[in-house]
Amino acid sequence: MAGIYVHIPFCKKRCLYCDFFSTTLLARREEYIAALLKEIEIRRDETGEPFRTIYIGGGTPSTLEAKDIQHILYAIGTDEAEEITMELNPGDATEAYMHAIRRAGVNRLSIGIQSFDDELLTLIGRRHNAQQAIEAVHMAQQAGFDNLSIDLMYALPTQTWSIGKRTLNKRCSWECNIYHPTG
Ligand code: SF4
C-alpha cells in the first residue's frame, strides 16, 4: 500500500518548543506550491501504484487556502485514496474554511490543540486558545469530518499533573475517545 506525506513548511508564528522545519515567510507560499506541483508531476510514476493514504502536514497546512489544498490533491490523484489527512491549527478554523477543505477532498483532520489550558498555550507560543480549540472540533464535525484526531502535549514547563488531568478530563460536547490513565 502506497502512502505519501506532503510537508507544508509555513507557520504564521513559530511555537517555542518546535523542532519541525517551517518558516514564517508566508509570502513564499505561492512559489513553494508551484515547486511542489512540479515535483509531484516529475515523480508521478516513482511508486508504481496509486496512493491509499495522503497526509498533508507541516508546518501548518491550514496556512494554505483551500484551493491550494485542492490543487495539491488533484496533482497527487485521490481516486484510490482512502484516507486524506490534513493538519489544522485551531487558530485557522472557520466554518467556511472547514467546508472548503472538506470539499477539496480532505476526509481526516489532525488538530493541533496541545492543551486546554490558556496559560500553557500562551507559554508555549501557540496562537489559539482553548475555546478556539473546542470550536475547531465542532466546526470540523459540522463540516462533515467524522475522522478527527487531536494533539495534546504533556511534560510542558510549569505543567503539573493536575493541569494534565484537567486537560484529559475536559468535558467536551463531542465524543472523546481518548486514553484515560488511572490515578
Ligand atoms: S504551528 Fe506547528 S509546525 Fe508551526 S511552529 Fe508551531 S508546532 Fe511547529
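**View 1. The residues around the ligand.** In this predicted model, the residues around the ligand, each with a C-beta atom, placed from the backbone, within 6 Å of it, are Cys11, Arg14, Cys15, Cys18, Phe20, Ser22, Gly58, Gly59, Thr60, Asn89 and Gly112. This shell divides into 4 nonpolar, 6 polar and 1 charged residues, where Ala, Val, Leu, Ile, Met, Phe, Trp, Tyr, Cys and Pro count as nonpolar, Asp, Glu, Lys and Arg as charged, and the others, Gly among them, as polar. Residues are numbered from 1 along each chain as its sequence is written. Because the model is predicted, local features need pLDDT of at least 70 and side-chain atom pairs count only at pLDDT 80 or more, while totals for chains, interfaces and linings use all residues.

**View 2. Isoleucine 69 and its contacts.** Isoleucine 69 sits in helix α2, residues 66-76, a helix being a DSSP run of H or I with at least four residues, numbered from the N terminus. Isoleucine 69 counts as buried because it has 24 C-beta neighbours inside 10 Å, the cut-off being 20 or more, with C-beta atoms placed from the backbone. Apart from neighbours within four places in sequence, isoleucine 69 is in contact (C-beta atoms within 7 Å) with Ile56, Leu64, Met86, Ile101, Ala104 and Val106.

**View 3. The largest nonpolar core.** Such a core is a set of buried Ala, Val, Leu, Ile, Met, Phe, Trp, Tyr and Cys residues joined through C-beta atoms within 7 Å. Of its 30 residues, Ile69 and Ala136 touch the most other members, and the largest share, 5 residues, comes from α5.

Terms used. Helix = DSSP H or I, 4+ residues; strand = E, 2+ residues; numbered from the N terminus. Buried ≥ 20, exposed ≤ 12 C-beta atoms within 10 Å, placed from the backbone. Contact = placed C-beta atoms within 7 Å.
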